[in-house]
Amino acid sequence: MSKTNISVNTEDFEKFAKRLEQVVDKDLQREVKLWLEGSGFQFLEEVQRMIKTMQVVDTRRLLNSFTRGGDGTIWRLSSNGLSLEVGTNVNYARYVNDGHWTDDPSRGRASRFVPGVWQGNSFRYIKGHNEGMVLKLQYIEGRPYFDNAVTVFRAIFERSMGTKLNEWVRRL
């Protein structure tokens, strides 16, 4: 058998492969970004659903206060380079979720005065007001609406991610 020299110029193929990689990456990056953004909104919906389900508050202030990446961000979830920041402008959101003392136990007080007025079944805080209520020192158990939403959302997110990854791989 005679020996034949074959010369292959791969330059054009390499250019084509790089271009294909760039196009796929841009389209895929855009899709991943949109999917993650949608997932962020889905997570916010889960937080709100959990607040309702657990009957955490009797007003809509906490329920409507959560935003994605807002100025008052109080929670940040991150995993493998992906992150979601969820915030609220309600300063008591973390206390409702985690639980809290009605006062700092290290102060040694059995109670504390909170200025404000009662309006029906609701108390309205008024800084410096001469009327109000006295709270006795006690621990208020948390209503882990946020923690529960994270648990539920992780399962939803993992299923969704598996479906999306399979969809993206099939298209390649």
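Which residue stands opposite Tyr125 in β6? Select Gly116 and the answer is on screen, since Gly116 is the residue that faces Tyr125 across the pairing.

Before going further, note that this is a predicted model, in which local features need pLDDT of at least 70 and side-chain atom pairs count only at pLDDT 80 or more, while totals for chains, interfaces and linings use all residues. Residues are numbered from 1 along each chain as its sequence is written, and side-chain values use heavy atoms, with hydrogens and water left out.

**The sheet**

Select residues 111–119, which make up strand β5; strands here are DSSP runs of E with at least two residues, and helices are runs of H or I with at least four, numbered from the N terminus. Add β6 (122–125) and β7 (132–136), and you have an open, antiparallel sheet of three strands in the order β6-β5-β7. Two strands count as paired if DSSP finds at least two bridges between them. Because β6 and β7 stand at the edges with a single partner strand each, one side of each is left without a neighbour in the sheet. Direction ignored, neighbouring strands are turned by 55° against each other on average, the axes being lines fitted to C-alpha atoms and angles running from 0 to 180 degrees between N-to-C directions.

Now zoom in on β5 and β6, which pair in the antiparallel sense over four bridges. Gln119 stands opposite Ser122 in β6, and the two strands form a hairpin with two residues between them. One residue of the turn to pick out is Gly120, with a positive phi of about 65°.

**The salt bridges**

A search of the whole structure finds four salt bridges, each defined as a side-chain nitrogen of Lys or Arg within 4 Å of a carboxyl oxygen of Asp or Glu. For the burial of their partners, buried means under 20% relative accessible area, exposed over 50%, and partly exposed in between, with a 1.4 Å probe and protein chains only.

Select Asp103, which is buried at 9% relative accessible area, and display its partners. Arg109, partly exposed at 36%, meets Asp103 in a salt bridge of 2.6 Å, N to O. Arg107, exposed at 53%, meets Asp103 at 3.4 Å, N to O. Salt bridges that share partners thus join Asp103, Arg107 and Arg109 into one network.

Finish in helix α1 (residues 11–53), where Arg49 and Glu46 lie three residues apart, about one turn of the helix. Their closest N and O atoms are 2.5 Å apart in a salt bridge; Glu46 is buried at 8% relative accessibility, whereas Arg49 is partly exposed at 39%.
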